[in-house]
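Let's take a walk through this model together. Keep the sequence and the 3D view open as you read, and look for each piece as it comes up.

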Amino acid sequence: MEHHGRVTGESIISLQNVSKTYISVHKSNEVVRNVSLDVQENEFVVLFGPGQCGKTTMINLIAGLQLPTEGKVIVDGKEVKAPGPDRGVVYQTTALFPFCTVMGNVEFGPKSRKMDKATRRERAQYFIDLVGLKGYEKSFPNRLSGGMRQRVGIARAYANDPKVMLMDEPFGHLDAQTRYMMEAELEKIWQQEKRTVVFVTNNSEEAVYLADRIIILTNTPTQIKHELKVDLPRPREYSDPAFLEIRRQIEEICDDTL
Ligand SMILES: Nc1ncnc2c1ncn2[C@@H]1O[C@H](COP(=O)(O)OP(=O)(O)OP(=O)(O)O)[C@@H](O)[C@H]1O
Ligand SMILES: [Mg+2]
């Protein structure tokens, strides 16, 4: 809405030698090992890694839902110590408030921060329209399809005007057809509402479609294995030979051991 738009070359997210070990009574489980990563303002970064490698843990570390065992996470110049409205999170399955309408869900953040009704309504409506849910403002979540719920989740996250969007396999539970549609929608939304995005997937097609840069992660304890810039013009074509070539490179990088 009011700001963003240009890539400034400033790093807005910075992971500095971040490690995470979960400790329970019986054992300690090192999940993230010494990861350093800088994400530029308005950059779309995809974290691509195998199942159970620690992708959600990395999202939670940036979100402030987990704290690193070693190292630091800096967002917008401040060390992350707790969750905050500057970081919007969209999960694989978005937990919507079941007794709130679509409008109620989307305006929840601004409302809880005491934004006046007219302003927050206008703001919520803008994002409801943007994600293609015009006409569903009064619907309750249990009447919505999986894809529509994820749209509400995205609109709700954007309505808080976060500095960064963290998306943890947001389309992972959708059928292929809906996922293609949502990828195209997200691309469009991001073009219009530029924002720094960290997006997790283990689908190489989705990664190449969306990313400015793909960070390929190893198995647990996860480390950065490789980085790939994707310079193809947007919106991208799944069947473009250059697109397929990048997918092939990813698969090659992932194949060689680990
Ligand atoms: N809160 C937690 N406490 C203890 N162990 C955890 C916690 N969260 C995750 N783990 C462990 O960390 C490892 C990585 O989990 P994580 O969910 O970060 O991986 P992931 O790559 O997101 O997995 P998936 O592909 O299933 O989404 C797993 O072994 C998991 O059991
Ligand atoms: Mg996960």
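Which strands does helix H1 lie across, and at about what angle does it run to E1? Keep in mind as you look that this is a predicted model. Helix H1, made of residues 55-63, lies across E1, E2 and E4, and it runs at about 120° to E1.

Now for the strands under that helix. They belong to an open sheet of 4 strands, ordered E2-E1-E4-E5, with antiparallel pairing. Strand E2 (28-40) and E5 sit at the edges with a single partner strand each, so one side of each has no neighbour in the sheet. As a bit of background, strands of a sheet pair through backbone hydrogen bonds, and they can do so parallel or antiparallel.

Zoom in on the pairing of E1 with E4. Strand E1 (residues 11-23) and strand E4 (residues 70-75) run antiparallel and are joined by 5 bridges. To find the register, put Leu 15 opposite Val 73 in E4, and then Gln 16 opposite Lys 72 in E4.

Follow E4 onward and you reach strand E5 (residues 78-79), which is antiparallel to E4 and joined to it by 2 bridges. Here Val 75 stands opposite Lys 78 in E5. E4 and E5 make a hairpin with 2 residues between them, and Asp 76 in the turn has a positive phi of about 50°.

While you're in this sheet, click on Ser 19, which has its place in strand E1. Is Ser 19 buried or exposed? Its relative accessible area is 8%, and the cut-off for buried is under 20%, so Ser 19 counts as buried. Leaving aside residues up to four places away in sequence, Ser 19 touches Val 32, Arg 33, Asn 34, Pro 68, Thr 69 and Glu 70.

Time to move to the other sheet. This one is an open sheet of 6 strands in the order E6-E7-E8-E3-E9-E10, with mixed pairing. At the edges you'll find strand E6 (87-90) and strand E10 (224-229); each has a single partner strand, so one side of each is left without a neighbour in the sheet. From one strand to the next, the twist averages 15°.

E3 and E9 are a good pair to inspect here, as they pair in the parallel sense over 4 bridges. For a landmark, take Leu 47, whose bridge partner in E9 is Ile 215. H1 turns up again at this point: it packs on the sheet, touching E3, E6, strand E7 (164-168), strand E8 (196-201) and E9, and its direction makes about 155° with that of E7. So much for H1; another helix, H8, lies across E3, E9 and E10 and runs at about 170° to E10.

Let's switch to charges. Side chains of opposite charge can pair when their charged atoms come close. How many salt bridges does a search of the whole structure find? The count is 21.

One of them is between the side chains of Glu 43 and Arg 213, at 2.7 Å from N to O. Glu 43 is in the loop between E2 and strand E3 (44-48), while Arg 213 is in strand E9 (residues 213-217), so this pair ties together parts that are 170 residues apart in sequence. Both Glu 43 and Arg 213 are buried.

Next, look at Arg 179 and Glu 206, whose side chains meet in a salt bridge at 3.9 Å, N to O. This pair links distant parts of the chain, with Arg 179 in helix H6 (residues 176-192) and Glu 206 in helix H7 (residues 204-210), 27 residues apart. Arg 179 counts as buried at 15% relative accessibility, and Glu 206 does too, at 2%.

Helix H7 has another charged residue to check. Glu 205 forms a salt bridge with Arg 247, with the closest N and O atoms 3.7 Å apart. Because Glu 205 lies in helix H7 and Arg 247 in helix H8 (residues 241-255), the pair ties together parts 42 residues apart in sequence. Glu 205 is buried, with a relative accessible area of 12%, whereas Arg 247 is partly exposed at 22%.

For a last stop, select Arg 123, Asp 161, Glu 193 and Arg 195, which are linked in a network of salt bridges.

Note on methods. Residues are numbered from 1 along each chain as its sequence is written. Chains are lettered from A and ligands numbered from 1 in the order in which they are written. This is a predicted model: local features need pLDDT of at least 70, side-chain atom pairs count only at pLDDT 80 or more; totals for chains, interfaces and linings use all residues. Side-chain values use heavy atoms; hydrogens and water are left out. Two strands pair if DSSP finds at least two bridges between them. Contact means heavy atoms within 4.5 Å. Axes are lines fitted to C-alpha atoms, for helices over the stretch in contact, and angles run from 0 to 180 degrees between N-to-C directions. Buried means under 20% relative accessible area, exposed over 50%, partly exposed in between (1.4 Å probe, protein chains only). A salt bridge is a side-chain nitrogen of Lys or Arg within 4 Å of a carboxyl oxygen of Asp or Glu.
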